[in-house]
Amino acid sequence: MKVVGIVAEYNPFHNGHAYQINYIKETLHADYIAAVMSGDFVQRGTPALFSKQDRAKMALTCGVDLVLELPVRVSTSSAEGFASGAVELLHNLGCVDQICFGSECGTIEPFLNIASILVNEPEEYKAVLSACLRQGKSFPEARSLALREYLSDDSLDEFLSAPNNILGIEYCKALLRLNSSIEPVTLTRSGHDYHDTELSENSHPSATAIRQIISTFASGDYTENELKSVLSGQVPSVLLDHVLKLIMENSYVPESDLDLLLHHKLLQAVYENTLEDYLDISPALANRIRNTINAY
């Protein structure tokens, strides 16, 4: 029996996700697929477009056998926290053989090589990293420069700036730290980039573009038939009617729906001077929020 794990948000589920599931079944020959999925809040802290129950149902309909929810403190964390929590969940199942993730690279060796350096931190790498940080560079920039110099590879900047590659490195780091027997496998992400806002036929979409289209429909820019025509090429046909039903019933949450509540909480935190009590908010970041609070 072979079990392959996926870490996903399915926000919303689209043809690219179905392609990954088919690849796992047909190429990796998985008997079962276990997906670890963000709940009602996803990375960057935004609300998921559809409820976690609806998104889990979509995944199960399209071939996933088990959907497990990431705790919200993990799903809204940094890339490192997100990946670490997801991998630990799959590792602790005790039955997962491989984890498959999409990437802009598509070859697993660079991920394993870079993850090993970042986990073990050779002295030469640490020296360059420290020197870059002392020069006032941000940590991501300093890390990129240190890796580039340590590996004598000037092409690393492009690799390290790609969002799916970044997550892939974090998955591999988490596996190394757990000394996990799970084998990482990467699938080249085809079609639109992660943050693309355009859709086109015969190309795997970005979830960002689909969310934007649905939000545009809410503004009255599309008729129901036009929306169906657009989405028919982006989501699996078996899900299309269900997705349209959720939209027509207004059973979805655009990213901006909670803006007033979030602004209220920010104002309250600024007034009560509690910004620094939140995870990852340094005094410098807290000051930046205070100085820009009226531009929210």
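Student: In this predicted model, how many residues of strand S1 are buried?
Tutor: Strand S1 covers residues 3–8 and is mostly covered. Val3, Gly5 and Val7 point one way from S1, while Val4, Ile6 and Ala8 point the other way, and all are buried. In a regular strand the side chains alternate between the two faces of the sheet. The count of buried residues in S1 is therefore 6 of 6, where buried means under 20% relative accessible area.

Student: Which residue of S2 is the bridge partner of Ile6?
Tutor: S1 and strand S2, which holds residues 32–38, run parallel and are joined by 6 bridges. The chain passes from S1 through helix H1, residues 15–26, before it reaches S2, and this β-α-β crossover is right-handed. Across the pairing of these strands, the partner of Ile6 in S2 is Ala35.

Student: Which residue in S4 stands opposite Val4?
Tutor: S1 also pairs with strand S4, residues 98–103, in the parallel sense, and 2 bridges are found between them. Val4, a buried residue of S1, stands opposite a residue of S4, namely Gln98.

Student: Where is Pro12, the residue whose peptide bond from Asn11 is cis, found in the chain?
Tutor: The peptide bond that leads from Asn11 to Pro12 has omega near 0°, and it is cis. As for its place, Pro12 is found in the loop between S1 and H1.

Student: Is Tyr23 in helix H1 buried, exposed or partly exposed?
Tutor: Tyr23 has its place in helix H1, and, leaving aside its neighbours within four places in sequence, it is in contact with Leu28, Cys100, Val185 and Leu187. Its C-alpha atom is separated by 18 Å from that of Gln234, although the two residues are 211 residues apart along the chain. The relative accessible area of Tyr23 is 22%, and because buried means under 20% and exposed over 50%, Tyr23 is partly exposed.

Student: Which backbone oxygen does the side chain of Ser75 reach?
Tutor: Ser75 lies in helix H3, residues 72–75, and is buried with a relative accessible area of 1%. Leaving aside its neighbours within four places in sequence, Ser75 is in contact with several residues, including Glu9, Ser38, Phe41 and Phe82. At 2.9 Å, the side chain of Ser75 reaches the backbone oxygen of Phe41.

Student: At what distance does the side chain of Asn165 reach the backbone nitrogen of Cys105?
Tutor: Asn165 lies in helix H9, residues 163–178, and at 2% relative accessibility it counts as buried. Once its neighbours within four places in sequence are left aside, Asn165 is in contact with Ser103, Glu104, Cys105, Phe111 and Phe159. From the side chain of Asn165 to the backbone nitrogen of Cys105, the distance is 3.2 Å.

Student: Which residue has a side chain joined to that of His91 by a polar contact?
Tutor: His91 is found in helix H4, residues 79–93, and is partly exposed with a relative accessible area of 27%. Leaving aside its neighbours within four places in sequence, His91 is in contact with Leu178, Ser180 and Ile182. A polar contact of 2.9 Å joins the side chain of His91 to that of Ser180.

Student: Which helix gives the largest share of the lining of the largest pocket?
Tutor: The largest pocket holds about 1,000 Å³ of space, and of the 25 residues that line it, the closest to its centre are Arg44, Gly45, Leu262, Tyr278 and Ile281. H3 and helix H13, residues 259–272, each supply at least two residues of this lining. The largest share, 5 residues, comes from H13.

Student: In which loop is Asn273 placed?
Tutor: Asn273 is a residue other than glycine, yet its phi has a positive value, near 55°. The place of Asn273 is in the loop between H13 and helix H14, residues 283–291, so named along the chain as H13 and H14.

Student: Is Ser152 buried or exposed?
Tutor: Ser152 has its place in the loop between helix H7, residues 139–151, and helix H8, residues 156–161. Its phi is near 50°, a positive value in a residue other than glycine. With a relative accessible area of 67%, which is to be set against the cut-off of over 50%, Ser152 is exposed.

Conventions
Residues are numbered from 1 along each chain as its sequence is written. This is a predicted model: local features need pLDDT of at least 70, side-chain atom pairs count only at pLDDT 80 or more; totals for chains, interfaces and linings use all residues. Side-chain values use heavy atoms; hydrogens and water are left out. Helices (H or I, at least four residues) and strands (E, at least two) are DSSP runs, numbered from the N terminus. Buried means under 20% relative accessible area, exposed over 50%, partly exposed in between (1.4 Å probe, protein chains only). A polar contact is a pair of N or O atoms within 3.5 Å; within protein, one must be able to donate a hydrogen and the other to accept it, and residues adjacent in sequence count only if both atoms are side-chain atoms. Contact means heavy atoms within 4.5 Å. Two strands pair if DSSP finds at least two bridges between them. A crossover is right-handed if, with the strands pointing away from the viewer, the path from the first strand over the helix to the second runs clockwise. On a 1 Å grid over the protein atoms alone, a cavity is a set of points where a 1.4 Å probe fits but cannot get out, and a pocket is an open set with protein on both sides within 12 Å along at least five of seven lines; lining residues have an atom within 4 Å of a point. Grid points are joined across faces, edges and corners, and a volume is the space filled by probe spheres set on the points.
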